[in-house]
Amino acid sequence: MNLDCDMIKDLLALYHDGLASPASKKAVTAHLQHCKDCRAYYKQYCSMYHKGGTAVRTGEGSYPCPDYTHLAKRMRYIRGFLVMGAVAYTSISVSMLMLLFMRLKKR
């Protein structure tokens with residue numbers, strides 16, 4: 001499977017994130033081993049997102065890839081606050097409704 005550079009550049013984001021199909025991964029890896037322009041493009045693409053992650057090895061060198069653990073940790077932190085807020089809102093709403101019904105029963 002021989003793909004031209006424009007198609008490889010379209011697939012690089014999926015390849016980088018590990019979401020490309022096995023056939024696409026194989027084609028991109030093979031292309032990166034033979035095409036210096038695409039290797040340079042991929043290296044630049046990875047360096048834009050590099051935050052101390054691991055490296056992907058293809059052909060002549062290794063290219064930095066991002067580490068999204070800090071982002072995942074922050075998302076879990078925010079999700080925790082959202083869940084706590086939803087629980088608090090639900091608890092307060094149920095409590096208010098119970099007080100309202102108890103007050104109506106007294107009348």
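1. Among the contacts in the protein between residues at least 6 apart in sequence, 36% join residues at least 24 apart. It should be kept in mind throughout this note that the model is a predicted one. The protein has 4 helices and 2 strands, and, read from the N terminus on, these elements follow the order α-α-α-β-β-α. Of its 107 residues, 21% count as buried.

2. The largest nonpolar core consists of 10 residues, namely Ile8, Leu11, Leu12, Tyr15, Val28, Leu32, Cys35, Cys38, Tyr42 and Cys46. Two or more residues of this core are given by each of the elements α1 (5–17), α2 (22–34) and α3 (36–49), and the largest share, 4 residues, comes from α1. As general background, nonpolar side chains in soluble globular proteins tend to be buried together.

3. Which residues does Cys38, a member of this core, touch once its neighbours within four places in sequence are left aside? The contacts of Cys38 are then with Cys5, Ile8, Lys9, Leu12, His31 and Leu32. Three of these partners, Ile8, Leu12 and Leu32, are also listed in the core.

4. Helix α2 has 13 residues and reaches 19 Å from its first C-alpha to its last, which is close to the 18 Å expected at 1.5 Å a residue. Its buried residues are Ser24, Ala27, Val28, His31 and Leu32. These lie on the same side of α2, because they cover an arc of only 130 degrees around the axis. The face turned away from this buried side carries the exposed residues Pro22, Lys26 and His34. A general rule helps in reading such a pattern: an α-helix has 3.6 residues a turn, so residues three or four places apart point the same way.

5. A search of the whole structure finds 2 aromatic pairs. In one of them, the rings of Tyr15 and Tyr42 have their centres 5.6 Å apart and their planes at 65 degrees, and since planes over 60 degrees apart count as edge-to-face, this pair is edge-to-face. The pair links distant parts of the chain, with Tyr15 in helix α1 and Tyr42 in helix α3, 27 residues apart. Both tyrosines, Tyr15 and Tyr42, are buried, and both belong to the largest nonpolar core.

6. The rings of Tyr77 and Phe81 have their centres 5.0 Å apart and their planes at 80 degrees, so this pair, too, is edge-to-face. Why are Tyr77 and Phe81 separated by about one helical turn? The reason is that they stand 4 residues apart in helix α4 (residues 69–106). Are these two residues buried or exposed? Tyr77 counts as exposed, because its relative accessibility is 55%, whereas Phe81, at 47% relative accessibility, counts as partly exposed.

7. Another ring worth examining is that of Tyr41, since Lys9 lies over its face, at 4.9 Å from the ring centre. Lys9 is also one of the residues in contact with Cys38.

8. The last point concerns Ser21, whose place is in the loop between α1 and α2. Ser21 counts as partly exposed, because its relative accessibility is 36%. The C-alpha atoms of Ser21 and Leu11, two residues that are 10 residues apart along the chain, are separated by 10.0 Å, and Leu11 itself is a member of the largest nonpolar core.

Note on methods
Residues numbered from 1 in each chain as written. Predicted model: local features only at pLDDT ≥ 70, side-chain atom pairs only at ≥ 80, totals over all residues. Heavy atoms only, no water. Core = buried A, V, L, I, M, F, W, Y, C linked by side-chain atoms within 4.5 Å. Buried < 20%, exposed > 50% of the residue type's maximum accessible area, 1.4 Å probe, protein only. Contact = heavy atoms within 4.5 Å. Expected span 1.5 Å × (residues − 1). Arc of directions from axis to C-beta. Phe/Tyr/Trp six-rings, centres within 6.5 Å; stacked < 30°, edge-to-face > 60°. Lys NZ or Arg CZ within 6 Å of the ring centre and 35° of its normal.
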